[in-house]
Amino acid sequence: MHLVSSEVMAWLSGPGQSTVTGRTNFSAARIEDVHPWRFAAQAAAGSLAQVRYLMDYGLWTPERAAACPGTHDRDQAVDVLAGMGYRLGIGHVPPGGKSWGQVRGMAWRRIDRLWPQIRTVAHTMNENTKLTGDQIAAMTGLTNPPAPGGEA
């Protein structure tokens, strides 16, 4: 899929508490053209990358890790895959499908392989909260596939 943009949004969600989330926009001619398990793994990757960051910088605690659940992303992956005819289970492996734990394992391996590029993008997003897919591709050396139908 073609990455259109990715951004980080932060706000004060309570006294002394800040919340961070992200939004990634992509373009695909049809959702069915996106590999279902890769879609699910990208949904799992955000919260896992948060945990990896905490670990790498000596900030990990069970409480901080628990604050990175990615529940919305997980639920979206379950729903999108169900609409495509794939079964993604939470806490179990459904017949003919995969579990969220398996998908998180796939995402963790990809994060591990791409960690230098993820850090590069994250540090840039700390200064510029929104980047285009082409900007991300240029700074990481990764390919941003063309948009379907030549869209920008």
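This passage walks through the nonpolar core, the two helices H1 and H4, the aromatic pairs and a few contacts between distant parts of the chain. The model is a predicted one.

The core is a good place to start. The largest nonpolar core has 18 residues, and the members that touch the most others are Ala 40, Leu 88, Trp 100 and Val 103. Three helices give two or more residues each to this core: H1 (36-56), H3 (71-83) and H4 (100-127). H1 supplies the largest share, with 8 residues. As a general point, nonpolar side chains tend to be buried together in soluble globular proteins.

Leu 88 shows how these pieces meet. Setting aside residues up to four places away in sequence, Leu 88 touches Trp 37, Ala 40, Ala 77, Val 78, Leu 81, Pro 94, Lys 98, Ser 99, Trp 100 and Val 103. Two of those partners, Lys 98 and Trp 37, also have an arrangement of their own: the charged end of Lys 98 sits over the Trp 37 ring, 5.4 Å from the ring centre.

Now for H1 itself. With 21 residues at 1.5 Å a residue, H1 should span 30 Å, and its end C-alpha atoms are indeed 30 Å apart, so the two values agree. There is nonetheless a kink in H1 of about 35°, centred on Ala 45. Just after the helix, Gly 58 adopts a positive phi of about 65°.

Next to the kink centre in the numbering comes Ala 44, another residue of H1. Ala 44 counts as buried because its relative accessible area is 0%, the cut-off being under 20%. Beyond its neighbours within four places in sequence, Ala 44 is in contact with Trp 100, Val 103, Arg 104 and Ala 107. Ala 44 also lies 6.7 Å from Asp 73, C-alpha to C-alpha, with the two positions 29 residues apart in sequence terms.

H4 tells another story. A straight helix of 28 residues would span 40 Å at 1.5 Å a residue, but H4 spans only 33 Å between its end C-alpha atoms. H4 bends by about 75° at Leu 114, and a proline, Pro 116, follows within four residues. Leu 114 itself is one of the buried residues of H4, a list that also has Trp 100, Val 103, Ala 107, Ile 111, Trp 115, Val 121 and Met 125. For reference, an α-helix has 3.6 residues a turn, so residues three or four places apart point the same way.

The aromatic side chains come next, with 3 aromatic pairs in the structure. Phe 26 and Phe 39 make an edge-to-face pair, because their ring centres are 6.2 Å apart and their planes sit at 65°. Phe 26 belongs to strand E2 (residues 17-27) and Phe 39 to helix H1, so the pair ties together parts that are 13 residues apart in sequence. The two rings are not equally covered: Phe 39 counts as buried at 4% relative accessibility, while Phe 26 is partly exposed at 32%. Another pair, Tyr 53 with Tyr 57, is tilted, at 4.6 Å centre to centre and 35° between the planes. Here Tyr 53 is partly exposed at 39% relative accessibility, and Tyr 57 is likewise partly exposed, at 36%.

Phe 26 has company from the start of the chain as well. Not counting neighbours within four places in sequence, Phe 26 is in contact with Met 1, His 2, Leu 3, Val 4, Ile 31 and Phe 39. Its C-alpha is 4.4 Å from that of Leu 3, although the two are 23 residues apart in sequence.

The loop between E2 and H1 rounds off the picture. Val 34 has its place in this loop and is buried, with a relative accessible area of 8%. Apart from neighbours within four places, Val 34 is in contact with Met 1, Ala 28, Phe 39 and Met 84. Val 34 and Met 1 are 33 residues apart in sequence, yet 6.5 Å apart in space, C-alpha to C-alpha. Ala 29 is placed in the loop between E2 and H1 too, but Ala 29 counts as exposed, at 60% relative accessibility. Ala 29 and Gly 149 are 120 residues apart in sequence, with 7.7 Å between their C-alpha atoms.

Notes
Residues are numbered from 1 along each chain as its sequence is written. This is a predicted model: local features need pLDDT of at least 70, side-chain atom pairs count only at pLDDT 80 or more; totals for chains, interfaces and linings use all residues. Side-chain values use heavy atoms; hydrogens and water are left out. A nonpolar core is a set of buried Ala, Val, Leu, Ile, Met, Phe, Trp, Tyr and Cys residues joined through side-chain atoms within 4.5 Å. Buried means under 20% relative accessible area, exposed over 50%, partly exposed in between (1.4 Å probe, protein chains only). Contact means heavy atoms within 4.5 Å. The expected span of a helix is 1.5 Å times one less than its number of residues. The bend at a residue is the angle between axes fitted to the seven residues ending there and the seven starting there. Rings of Phe, Tyr and Trp (its six-membered ring) pair if their centres lie within 6.5 Å; planes under 30 degrees apart count as stacked, over 60 as edge-to-face and the rest as tilted. A charge sits over a ring if NZ of Lys or CZ of Arg is within 6 Å of the ring centre and within 35 degrees of the ring normal.
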